[in-house]
Each structure stands twice: as structure tokens, then as C-alpha cells.
Amino acid sequence: RNGMGLRPLGTSAAEFEQDLLSNLYYRRGTTVESASTQDAYETLALTVRDRLAERRVRTAAAHYAANPRWVYYLSAEYLLGKQLEQNMLYSGTDRIARVAMKQLGLDPDEVEGLDIEPGLGNGGLGRLAACLLDAMATLDIPAVGYGIRYDLGIFKQAFKDGAQVEKPDDWTYQGNPWEFPAPDDQQTVFFYGHTERDENGRTQWIPGEIVLGEPSHMLVPGHGTDTVNIVRLWRARGSESSFDLSRFSAGQYAEAVDEAVHAENISKVLYPDDSTELGRELRLKQQYFLVSCSLRDIIRRFRLRNTDWAEFPKKTVIQLNDTHPTLAIPELMRLLVDEEGLGWDLAWALTKQTFAYTCHTLLPEALETWPVHMFERLLPRHLEIVYEINERFLAEVRDRFPGDVDRLRRMSIIQEEPERRVRMANLAVVGTQAVNGVAELHSQLLAETTLRDFADLWPTKFHNVTNGISPRRFIKLANPTLSSLITEGLGSDAWINDLDQLTGLERLTGDAAFREKWRAVKRANKVRLGLGDPDSLTDVMIKRFHEYKRQQLNLLHIITLYQRIKASPGRAYAPRTVLFAGKAAPAYHAAKHIIRLINAVAAVIDADPAVSPYLKVVFPPNYNVTLGSLIIPAADLSEQISLAGKEASGTGNMKLALNGALTIGTLDGANIEIRDRVGADNFFLFGLDTPAALELRHGGAYQPRAFYEQDEELRSALDAILDGKFLGVGREVAESLLGRDEYLTLADYRSYIDCQEQVEKAWADTEQWTTSSILNTARSGFFSADRTVRDYAAGIWHVSPVQVTR
Ligand code: 26Q
């Protein structure tokens, strides 16, 4: 019996089989003979989950006993990926579960196929949150992730006549076996209303709407440890007071229910935008809902073991994943000053010490701001607090830089022109003890450009923490055959939790048999993916569609290849499969035009027998963590071609390099660090660097038409689009490039085309390519999220592990 007085769950296939039968019977109310595949799936999930639940209970007990300093990660988005496979691996049941299922006559692949990915995020930022949770658990760091349990995740992408159409992602339609409801920890959230001062001069917020926050959590197990942390997600519920009783008794039942339904809209849907979203009130409401519920929960947990507010920052660090949860700063001030009666100065000192802020962008249009009038209507007390924070802050700036009015205007948390708005990034910098960018270049540019005034004022507040990825999910689970080969080559699987050990592969580049096996794995992964010729160069661009990422540049290369093959059909071209995957924000028309044009070019090439043996464009719809895990292991070439200075970091670049793809890329984001590590010989570099791009863009003299006129191949590619050669679509794309070309696509065209020719030459030397591929994997250990979390722990969080013992 274990510490809880329970019979420990078995570790053999026979015991697992018994538990499956018992769970099928008692938790699904059925038997093997009459079970549906859905019954089998839910039962398998519960049987796996049970084996983590025991570790979870021990983790909670160990954490309670230690009363440690906690990391609370606040994020509006999480892209956790499918849970079943991961939880089988982490609980050590992957093998026995499959044996047991077969014993019961169930098809493991069919059953596992019903597992659904919770798509509670847009892209990089949401997946980063999931990778950091994975690494924190693996490193035994006491942590809780807080987020929103959206009813509808990121939309499902389909193509109709080559154009993106969106469908709702009702991810819990069949239930969600991974979720633990926690109704006892429900919270109450206020919105709207007004403020009043009581007789002691204390401020009270009289709300105009009250909504309930209902928590549930999912398990976040560590790999190779007993630690199981949680991610707690909040769902909005109408409160009893939002249920209009007078209407109810007057017989207007449906009308009475109306407001409760209205309240539930808060967690209805994830906003599908990954950079800008015109200030929608519901989005601001979501942010405050997350913040209010989570802070109350954090304080509840603090009080289980502590009484003194002075201890709060010693026991708590709250990491803000971009500005989306920045309302936590004025909210903690409100709780401390209005509800707890602390003086402003003490409350402010505690607040600042508690928070840290990660910035994920440089694009000025992606910096969140909210109209003051909207902010004031929804959160009247918070606006007063923001004003007070701002006044005191501006006084400090005035002291340091007397007479510098322009600086005050730039740094103010309130923007005055052309419209009064609250600048969330300024609030986040002012209210935290540390600010970090997500790659070396990005952190440097933040301090020199976007947040320069703040770095002048507080130089030591600014840090870099280069992003990382979970090696468990993005190589061990995604690429099992390569993982086995690596384990065979290194003689142990310890590399999974200590990714720097991959450097041991370097010496194997000299082993012809190993290289042969390496190629065979890559080929088998292409066969598994099932798109295009497995012997062709698989050229992969997988990421959200955005003009700064420049999918259109890749497309111009494809059109150029197409035209070269048409012009000289006799030559021997190395077959290439160009794979795109990614979603565009539903209202981002320019990005949708690029998608439409890619699909048209793909169709034209497919229909042309002179070209199709050499060139194929594939665009599987609905890119998500699951599809990424299938594509990444099959890639030979990784396209990381954003305009220098625009991509904060990128993390897909790391996933692809780790899986042995060579990068063609600009000096942007983490590409620079990848190239520094894998070596310039194993990386295809092209394009303007950041200073050159800034000069060209802001020198005011950039004329995309000049590039069009000077470069015959470029002209011919754009003319083909303008002449309607690709089903008559995509003129908007060409016109935008010839008009403003915001992201200097035409300026980088020639350099990119020439670099792709280098790629083609390198591909022809199979052995050398394989060596480069192995070296990419061998030298990518730095990009483990374990290293990222260690950097946060040492430089920003100042937390240490707590061991969970038996
Ligand atoms: C903000 C306000 C209103 C509506 C939506 C948003 C919103 C939502 C999501 C704004 C931005 C995002 C997501 C941004 C994102 O994913 N950024 C990426 O973060 C990665 C992890 O740090 C980096 O690697 C990428 O470079 C960066 O683009």
C-alpha cells in the first residue's frame, strides 16, 4: 500500500488489462463486447491518467510540506498537443497499454486515434507556454500554469477552391478525460459598475456584472521524475445574480437565462489573431477574467501556508506571457490596497517584486493598447489605479530627465494622441522586476528600439532568455525512429533529459553505416507523412501566415523554378517537394490571398507534366501541434525566411534543426543562434541583416519596382501572377509587393534564389548533406526548453527544485 493507504497500480500488462476492464465497467458502464471505440478511448485515457494521479497527489504533498517559492505562469494561450501519447510515455505505460489493448482485441492505433488536441492557442507563444510547463515539471520546479478554458479553440482550417475557410473547433464535444474539475475553487469576477469611497477613505468597486470562474485542471507530468504539476483553466459561468429572477417569475424564462448565457461568452472562443486585434471589449474581458480568477487562486494557495504579506514576493513569482495578462498588475494593487488595506507604497513594492514580463514581439502594431473609455467602463477601479501608477512613474522619469517632455510622452502608460489609450507594454515594464525578450537579437533590439526609453531608465531590468522546445514532444514522441537511432548511437537514452549529450553524435558523422541509417529514418518519416516523393528534397515552411514571415518569398522561388523548368525542359532537376502548412487570421486578407495563390500554383504545377516530375507543392490544411509532429521529422530543409528584425525568435526553426533539417534563413530571431551553433557550413544564409533592412525601409528610398525592373526572373515571376497564369488568382499579392512591399521581399529575392541554388548543389552531395543533417541534430541541444527554464530559474525567478519522493 502507498502513503495514501491505496493499493498501488500495477506496472505489468496483465494488471493494466485488468484496470482497463474495471474502468470500462465502472467508469463507462460497459464491457469489452459492447464497448464503442470512444468507450475504449476514454477508458484507456482514464487508466493512464490514474497512474499519474498518484504522482500528482505526492507532488502536491511534497510542495505543501516544502512551502517553496512558486512559479505561476499566466498565459491567455496554451497549445498542449495531444495528451494520450505523452502521458503514456511519462507514466511508463506506453508498452503495456498497447499489449493490454491487443489482449482485449482492441486496435491500439484506432483507439489512440480518438485523442484530440486542445487547440487553446494561436502559434508560437501558446506552444512555448506548453513547452515551458513541460520543462518546469521535468526539472521539479513547483509551478502552476493559469489559462482560459475556451469552449472553442483555434478554428479548423479547410480549403474551398484553394481559399481558407474556418470551422469551429468544438474540442470537448465528446468530453475530455484529461480534465479534473475543481468546483470548490470557483471564483467570483466583477465587471463594469463604479467606485465609491467609504468613511475611512478606502475605495470600493461596486460592480455592474458578476461572473463566476469555474476551474478545472490538466496534469503536467515531468519526464523521468515523479513531479506532476498542473495547468489550471478557467471557464466563465453565469452567477445566480446574473439570472434575472423578476423575469423568471414573470414567465420570461428564456429572457431570464439570457444574461447567464451572455456571461458564458467570456470563455466561448479563442481570438484567432496572432498579432493585432482591434480593441474588442470581449477580448479585454477575457484578459481580466483570467487575471482575476488566477490572482485569487494564487493568494488562496499562499494563505494555506503563510500569513504575512511581506512574504508574498518571496513565495511567489508571476510570469506574464506577453502583455495579455498584464491587468494582473493593477489587480494585485487593487487587492492589496482596497481589500487588504495595505498602504500604496508597500503594495507597489510587493507587486513589482512579484511580477516578470516576457515580450514576444517587435512589431509596433502588435503592442497591445486599449481605448481609455472602454477600459474605464469595464474596469473603473483599475483605470484609477493605472492613473496613479502612471503619475508616480512619470514623476520618477521627470526627476531623472528634467525637461524632457518628449520622453514623458513616449513613456507614459497613457497614450494621448490620436486617441487616449492604455499602453499595456508600458504598464508591464513599469510593474515588474524583470523584462525579457525571447532570443539574443530580439532582446537586444527591444532594449535599443521598442523599449529603449525604459532600458535607459532601468538597464538592469532587461534580460534575454532564448526560447526552447520540449525534446520529449518534439523528438522523442514526434520522431521515435530517429530517437531510437540516437539512443543506439549514444549507447543510452539519457540525452532526452540532457539534450547537450547530442554532441556525442558528432563523431558518428564519420561512420558510413550510421549515415545510411540516418537517411533511412528520414526517408521512412517522409513515407509516414505520405505527401510527395520520399526521395525528393522535402522543403518545409510551417508557421502562421503573416507578411513579415514571407511565405510569398518562398512562393516566388517556386514560380521561378517552375519557369526555369518550363524554359529548359531537358535539364536534370533535383526533385523537390515544397510543403506549406499554417493558418491565417480570418480577417487578415493579405495573408489569405497568399494562401489562395499557393494553392493555385500547386494546382497548375500538378497539371503540368513537364514540371510535375521535378516540383510539387503540397499544402495540407489545419496545421496544429499534431500535424507539425508528423511533418517536422520528414523535413530536409527548414524555411526561416522572415525579414531580419521582425521574428522575435521562432521555435519551429529549433524543432526542425533538432530533427536534422538544414535551415535556409535570414539573420533573424533565434536563426542567428542556430547558425552560431550548428556552424555556417551547415546553414544556408541569405538576405539583408537588421541594420541593412532598417536603413532600406526607413531611408525612405526603397522602390520595389526597381528590383522588379532590374531582375528578369523576378519580373517574369510577378508578371505570371499579374497575367493570371495561376488560375487568375493572386493579383493582390503581386500588387502589394510592387506597391509598398512592407517586408522587403523583392529586395531579398535575388539573394534567396541564389541561396536556393546552393541548397540544390549541396543536396546533390548526399553524404555531405547527411553529415550536415546529423550535425544539426548534434548541435541543437542548447534549444531544449530545459535550458530555457534553467535560465529563467537562475536569472529571473530565483527558484529551486523540490524533489518528490516515494
Ligand atoms: C493580442 C491582442 C488581441 C488579440 C490577440 C492578441 C495576440 C494573440 C497571440 C497577440 C499575439 C499572439 C501571439 C504571438 C506569438 O505567437 N508570438 C511568437 O512567440 C514565439 C514564442 O516566443 C516567438 O518564437 C515568435 O517569434 C513570435 O512571433
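Pro418 first. Pro418 sits in the loop between strand S16, residues 414-415, and strand S17, residues 421-423. The peptide bond joining Glu417 to Pro418 is cis. Omega there is about -5°. Keep in mind that this is a predicted model.

Now the overall layout. The domain assignment splits the chain three ways. Domain 1 takes 1-66 and 85-115. Domain 2 takes 67-82, 117-466 and 793-797. Domain 3 is 510-780. From the centre of domain 1 to the centre of domain 3, over C-alpha atoms, is 43 Å.

Next, backbone angles. Asn67 is not a glycine, yet its phi is positive, near 40°. Where is Asn67? In the loop between helix H2, 37-66, and strand S1, 70-74. Is Asn67 buried or partly exposed? Asn67 has 15 C-beta neighbours inside 10 Å, so it counts as partly exposed.

Arg550 is another non-glycine with positive phi, about 65°. Arg550 lies in the loop between strand S20, 537-542, and helix H22, 551-567. Here the count within 10 Å is 26 other C-beta atoms, so Arg550 is buried.

On to the core. The largest nonpolar core holds 226 residues. Which residues have the most contacts inside it? Val71, Leu132, Leu133, Met136, Ala328 and Val601. Helix H6, residues 124-138, is the top contributor to this core, giving ten residues.

Take Met136 from that list. Leaving out residues up to four places away in sequence, Met136 touches Val71, Ile141, Ala143, Asn229 and Val789. Val71 is on both lists: it is a contact of Met136, and it is among the residues with the most contacts in the core.

Last stop, helix H26, residues 671-678. Which of its residues are buried? Asn671, Ile672, Ile674 and Val678. Look down the axis of H26. The buried residues fall within an arc of 160°, so they line one face of the helix.

What does that buried set pack against? Three helices and three strands, as follows. The helices are H17 at 440-450, H25 at 652-658 and H32 at 766-778. The strands are S23 at 637-640, S24 at 662-665 and S25 at 683-685.

After H26 comes Gly679. Its phi is positive too, near 100°. Unlike Asn67 and Arg550, this one is a glycine.

Notes: Residues are numbered from 1 along each chain as its sequence is written. This is a predicted model: local features need pLDDT of at least 70, side-chain atom pairs count only at pLDDT 80 or more; totals for chains, interfaces and linings use all residues. Domain bounds come from an automatic or database domain assignment. Helices (H or I, at least four residues) and strands (E, at least two) are DSSP runs, numbered from the N terminus. A residue is buried if 20 or more other C-beta atoms lie within 10 Å of its own, exposed if 12 or fewer, and partly exposed in between; C-beta atoms are placed from the backbone. A nonpolar core is a set of buried Ala, Val, Leu, Ile, Met, Phe, Trp, Tyr and Cys residues joined through C-beta atoms within 7 Å. Two residues are in contact if their C-beta atoms, placed from the backbone, lie within 7 Å. The arc is that of the directions from the helix axis to the C-beta atoms.
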